[in-house]
Amino acid sequence: MPQFLFLTIILILVADFGFERFLAYLNIKNAKKDLPEILRDIYDPEKYQKQRLYFRTNSRFGMLTSTFSFLLIITMISFRGFGWVDQLVQIYVQNPVWTPILFFGLLFFANDILSIPFDLYDTFVIEQKFGFNKVTPKLFILDKLKGYGLTVIIGGGILYLILLIYTLTPEYFWLLAWAVITVFSLIMTLFYSEVIVPLFNKQTPLQEGELRTEIEKFALKSGFNLTNIFVIDGSKRSTKANAYFSGLGSKKRIVLYDTLMDKLTTEEIVAVLAHEVGHYKLKHTLINFTVSIPTTLILFFVFGLILQSDALAQALGGTKASFHLNALAFSILYSPISLILGIATNVLSRKFEYQADAFAAKYGYATQLQSGLKKLSATSLSNLMPHPVYVFFHYSHPTLYQRINKLTD
Ligand SMILES: [Zn+2]
């Protein structure tokens, strides 16, 4: 049985890697096609050359990082590396709660440190070369340290709670762990903008001026409160622009990147904002949260069933069932299911994007939204020709081409 599970795990990892590389290959091939008529005005020839170079650079870099991760995990599993880490941890701590925490903590930090050279290259070589990067070495280090702090406090805290439940009531573990995760994600949805974002960025209310006046007009028409609109200093890290909606109920907010201001006209910004208000009016956050409730329940139910399996721990090089080894094996065995759930999530998300676009169009912003979206794509050197199969699996948003076509209908 352990041998069978071991081979299944290897097979899933190989299939996943092969499949992702195949999708990437399709995308690279598709990017060579000529742009459709309605997208030709986005790039001038020089900028288009730059975009192609950026895309090729990122594709190659993606190939490198995914191959590295793949080889690392295959090596760890083939040479029973996780079993070895488990034994190492057990020398120091033998406790049903703290052994798994130390095990995951060790793996997290080892993996994170190995990924630092890739992060550095991405930020200070690729993004720098194409003129996007604004991160200083000091900010890079600060972000890293804050990220570690959050992982230890939030990740460690949640893990501690879940392990405590598992130790105290193994039979109801799946139900209680699900409840903890659901409550936690509700708290995160509500307070993310107020608690997490300020650790990394500054958010300020809209300043007086032309933009505020224009937004005020729209806010009155659509019934969205102006006090829920903030500008964030995205320019601290990158020249790329964005906007997003977050939160629920009274905790809702729309966040506009300051980089949006110097790239888009006032009307285009209002159009982008109208799209975000659409997400709120159509209750997209609430639906997403509601959908995640049963999927998390299924996940924990299946997870609860296999936690006692000795064979699963042995497949990773352990001796008998342990929370951490079984959880790790489970996360790989579950990945075909999460692939399917991920596709469903993306299908729903793309549907929501169309709906939010239609909402902005209903308020008369169809033209401004199109030009705004085109500028956003152009300034971030986006790939305009992703392969449809790649889009189906990975895109949370429809392509620019699809969105413009829908908006001109
Ligand atoms: Zn959207």
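**Entry 1: aromatic rings**

I searched the whole structure for aromatic pairs and found 31. The model is a predicted one, and I keep that in mind throughout. I describe each pair by the distance of the ring centres and the angle of the planes.

I looked first at Phe173 and Phe323. Their rings sit 6.0 Å apart, centre to centre, with 90 degrees between the planes. That pair is edge-to-face. I then checked where the two residues lie. Phe173 is in helix α6 and Phe323 is in helix α12. They are 150 residues apart, so this pair links distant parts of the chain. I also looked up their exposure, and both Phe173 and Phe323 are buried.

Next I took Phe303 with Phe323. The ring centres are 5.7 Å apart and the planes stand at 75 degrees, so I note this pair as edge-to-face too. Phe303 belongs to helix α10 and Phe323 to helix α12, so the pair ties together parts 20 residues apart in sequence. Phe303 is buried, like Phe323.

Which residues do ring pairs link into a cluster? I listed Tyr166, Phe173, Phe300, Phe303, Phe323, Phe330 and Tyr334.

**Entry 2: the zinc ion**

I turned to the metal. What coordinates the zinc ion? I found NE2 of His275, NE2 of His279, and two OE entries from Glu353. The distances run from 2.1 to 2.7 Å. Along the chain, the donors follow the spacing H-x3-H-x73-E.

I looked up the two histidines. His275 and His279 both lie in helix α9, which covers residues 266–281. They are four residues apart, about one turn of the helix. Both His275 and His279 are buried.

Why is the arrangement around the zinc ion irregular? I checked the angles between the four donor atoms, and they range from 52 to 135 degrees. A tetrahedral label needs all angles between 85 and 135 degrees. The value of 52 degrees falls outside that range, so I wrote down irregular. For reference, the ideal angle for four tetrahedral donors is 109.5 degrees.

**Entry 3: the second largest pocket**

I looked up the second largest pocket. About 1,200 Å³ of space lies in it. Its lining has 40 residues. Phe104, Gly105, Leu107, Phe108 and Leu328 lie nearest the centre. I noted the elements that give two or more residues to this lining: α2 (45–78), α3 (81–92), α4 (98–129), α5 (137–168), α6 (173–200), α10 (284–306) and α12 (323–333).

Which element gives the most to the lining of this pocket? I found α4, with 13 residues. I also sorted the lining by class. It has 30 nonpolar residues, ten polar ones and no charged ones.

**Entry 4: positive phi angles**

Most residues other than glycine have a negative phi. I noted two residues with a positive phi that are not glycines.

Arg80 has a phi of about 55 degrees. It lies in the loop between α2 and α3. Arg80 has 36% relative accessibility, so I count it as partly exposed.

Leu381 has a phi of about 50 degrees. I found Leu381 in the loop between α14 (366–379) and α15 (388–394). Is Leu381 buried or exposed? It is buried, because its relative accessible area is 4% and the cut-off for buried is under 20%.

**Entry 5: C-alpha distances**

I looked up three separations between C-alpha atoms.

I began with Glu216, in helix α7 (residues 210–222). The C-alpha atoms of Glu216 and Gly317 are 62 Å apart, and the two residues are 101 residues apart along the chain. Glu216 is partly exposed, because its relative accessibility is 35%.

Then I took Leu186, in helix α6. Its C-alpha atom is 9.9 Å from that of Thr290, which is 104 residues away along the chain. Leu186 is partly exposed, with a relative accessible area of 33%.

Last came Asn201, in the loop between α6 and β1 (203–205). The C-alpha atoms of Asn201 and Ser235 are separated by 9.8 Å, with their positions 34 residues apart in the chain given as the spacing. Asn201 is buried, at 16% relative accessible area.

Key:
Residues are numbered from 1 along each chain as its sequence is written. This is a predicted model: local features need pLDDT of at least 70, side-chain atom pairs count only at pLDDT 80 or more; totals for chains, interfaces and linings use all residues. Side-chain values use heavy atoms; hydrogens and water are left out. Donors are N, O and S atoms within 2.8 Å of the metal (3.2 Å for Na, K and Ca); water is not among the atoms, so sites may look incomplete. Four donors count as tetrahedral if all angles lie between 85 and 135 degrees; four count as square planar and six as octahedral if opposite donors are over 155 degrees apart and all others between 65 and 115; anything else is irregular. Buried means under 20% relative accessible area, exposed over 50%, partly exposed in between (1.4 Å probe, protein chains only). On a 1 Å grid over the protein atoms alone, a cavity is a set of points where a 1.4 Å probe fits but cannot get out, and a pocket is an open set with protein on both sides within 12 Å along at least five of seven lines; lining residues have an atom within 4 Å of a point. Grid points are joined across faces, edges and corners, and a volume is the space filled by probe spheres set on the points. Ala, Val, Leu, Ile, Met, Phe, Trp, Tyr, Cys and Pro count as nonpolar, Asp, Glu, Lys and Arg as charged, and the others, Gly among them, as polar. Rings of Phe, Tyr and Trp (its six-membered ring) pair if their centres lie within 6.5 Å; planes under 30 degrees apart count as stacked, over 60 as edge-to-face and the rest as tilted.
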